[in-house]
Amino acid sequence: MPFDKYKKSVVILGSGWAATSMLKNMDTEDYNVSTRYVARHKARRVPIYEAEALKVDPHSKQVTIADLSDIKGDVNNMTIPYDILVYAVGAEAQTFGIPGVKEHSCFLKELPDAEKLRERVMGCIESAAFPDQSEAEVDRLMHMTDPAGGSELHHFLKGGHGSHLQCAFLVVVGGGPTGVEYSSELHDFIKDDLRSWYPELADKLKITLVEALPNVLPTFSRELIPYTESTFKEQNIEVLTKTMTVVAKNDKGQVEELPYGLLVWAAGNVTRPIKRDLMAQLPQHQTNRRGLLVDDYLRMLGVNDVYAIGDCTATSYALTAQVATQEGRYLARLLGQLAKKEALEK
């Protein structure tokens with residue numbers, strides 16, 4: 001179905017779990033929809049713009065987007081009007097301004113992050129398995145030491161740890177749901193796949209999870225914390241709590257160097273620039289620096305016809321893919337009900 005000038009236009013910013021779930025469950029016969037998500041098998045054609053949203057004007061109901069790719073045409077920016085805006089841009093990884101994190105870490109936010117992780121892990125494993133490789137070289141490869149720098153992580157140990165830290169194949173910084181789940185998934189990869197492919201290398205892989213707070217999963221129920229920590233102990237995943245990542249020694253505590261091959265950074269989220277700009281336009285209503293404030297119907301406070309879902313919001317729910325998926329599904333159903341209501345009123 002083509003564009004219908006008598007239908008309201010919905011613009012979806014983002015292509016993550018929340019946006020994907022919403023578009024998957026949305027009836028496009030009710031609206032004209034524009035999004036970055038690649039949509040197929042929809043009743044109405046969904047225009048797709050691979051671009052970055054630079055600015056949202058909630059008063060004139062317009063979104064400015066730009067093509068920031070390496071290859072650009074004569075036209076590389078435009079303004080899109082909307083009747084309903086769905087804000088699902090997610091968040092960026094919080095690095096706390098620690099030098100070296102952006103240069104030497106792998107993140108768990110975008111598809112290129114997953115590709116980089118897979119390439120780094122498998123590259124070192126396959127090189128270590130090369131015939132006639134010396135034992136010292138195998139250890140180096142399995143620890144994936146970066147000779148160009150960034151292969152040691154300094155930790156300010158606030159207490160509770162001894163002075164003997166093992167060399168680790170993988171260090172995961174962040175004991176929230178993302179860091180915990182990735183550590184567990186990597187252990188399953190070692191147990192279920194690597195042990196059958198490279199049995200001589202499986203026991204050489206080490207996983208260390210680093211968390212600054214006294215325990216992992218600090219925002220979850222207390223029953224989950226001891227269960228997770230005991231499970232990781234059984235799986236030989238080292239957990240360092242009360243451990244703050246720094247780059248310089250501190251005379252207030254003990255500092256250890258933790259050599260690593262692969263550093264995965266999952267230490268929380270920070271708002272994107274476009275979200276901070278939108279919040280600055282609504283200072284009386286958007287007062288939480290953690291994210292966008294919404295009501296019980298996911299409507300953004302302080303402005304009409306703008307909804308926010310996923311990690312860009314500040315709600316009482318955990319910032320997980322499961323929650324974002326449920327929010328997207330709910331919003332698709334809500335907009336469908338509103339379209340039917342308006343049709344009956346006509």
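1. A cavity, as the word is used in this note, is a set of grid points where a 1.4 Å probe fits but cannot get out. The model under review is predicted, and the structure holds one cavity of 30 Å³ or more. The largest cavity has a volume of about 40 Å³. Its lining is made up of Gly-310, Asp-311, Thr-313, Thr-315, Tyr-317, Ala-318, Leu-319, Thr-320, Val-323, Ala-324 and Glu-327. By character, the residues of that lining divide into five nonpolar, four polar and two charged.

2. As for the overall make-up, the protein has nine helices and 16 strands, and of its 346 residues 43% count as buried. Among contacts between residues at least 6 apart in sequence, 63% join residues at least 24 apart.

3. One open sheet is formed by four strands in the order β2-β1-β6-β16, and the pairing in this sheet is parallel. The edge strands are β2 (32-35) and β16 (306-308), each of which pairs on one side only. From one strand to the next, the twist averages 15°. Inside the sheet, strand β1 (residues 9-13) and strand β6 (residues 84-87) pair in the parallel sense over four bridges, and Val-10 has Ile-84 in β6 as its bridge partner. Helix α9 (residues 321-345) packs on this sheet, where α9 touches β6 and β16, and the direction of the helix makes about 155° with that of β16.

4. Helix α1 (residues 17-25) deserves to be read together with that sheet. In α1, the residues Ala-18, Ala-19, Ser-21, Met-22 and Leu-23 are buried, and the buried residues of this helix pack against β1, β2, β6 and α9.

5. A second open sheet consists of three strands in the order β3-β4-β5, with antiparallel pairing. Because β3 (52-57) and β5 (77-81) stand at the edges with a single partner strand each, one side of each is left without a neighbour in the sheet. Neighbouring strands of this sheet are turned by 25° against each other on average, direction ignored. Strand β3 is joined to strand β4 (residues 62-66) by five bridges, the two running antiparallel, and the bridge partner of Lys-55 in β4 is Thr-64.

6. Within strand β3 lies Ala-53, which may be worth inspecting individually. Ala-53 counts as buried because its relative accessibility is 17%, the cut-off for that class being under 20%. Leaving aside residues up to four places away in sequence, Ala-53 touches Leu-13, Val-63, Thr-64, Ile-65 and Ile-274. Ala-53 and Met-78 are 25 residues apart in sequence, and their C-alpha atoms are 9.8 Å apart in space.

7. Strand β11 (residues 207-210) is covered on both faces, with Ile-207 and Leu-209 on one side and Thr-208 and Val-210 on the other, all of them buried. In a regular strand the side chains alternate between the two faces of the sheet. Strand β11 is joined by four bridges to strand β12 (residues 237-240), and the two run parallel; in this pairing Leu-209 stands opposite Val-239 in β12.

8. Two backbone torsions should be checked by anyone using the model. Most residues other than glycine have a negative phi. Asp-132, although it is not a glycine, has a positive phi of about 65°, and its place is in the loop between α3 (111-128) and α4 (135-143). Leu-217 is likewise not a glycine and has a positive phi of about 50°; Leu-217 lies in the loop between β11 and α7 (224-234).

9. Are the residues with these two torsions buried or exposed? Asp-132 is exposed because its relative accessible area is 81%, whereas Leu-217 is buried because its relative accessible area is 7%. The cut-offs behind these two assignments are over 50% for exposed and under 20% for buried.

Methods. Residues numbered from 1 in each chain as written. Predicted model: local features only at pLDDT ≥ 70, side-chain atom pairs only at ≥ 80, totals over all residues. Heavy atoms only, no water. Pairing = 2+ DSSP bridges. Axes fitted to C-alpha atoms, helices over the stretch in contact; angles between N-to-C directions. Contact = heavy atoms within 4.5 Å. 1 Å grid on protein atoms, 1.4 Å probe; cavity = no way out; pocket = protein on both sides within 12 Å on 5 of 7 lines; lining within 4 Å. Points joined across faces, edges and corners; volume = space filled by probe spheres on them. Nonpolar A, V, L, I, M, F, W, Y, C, P; charged D, E, K, R; others polar. Buried < 20%, exposed > 50% of the residue type's maximum accessible area, 1.4 Å probe, protein only.
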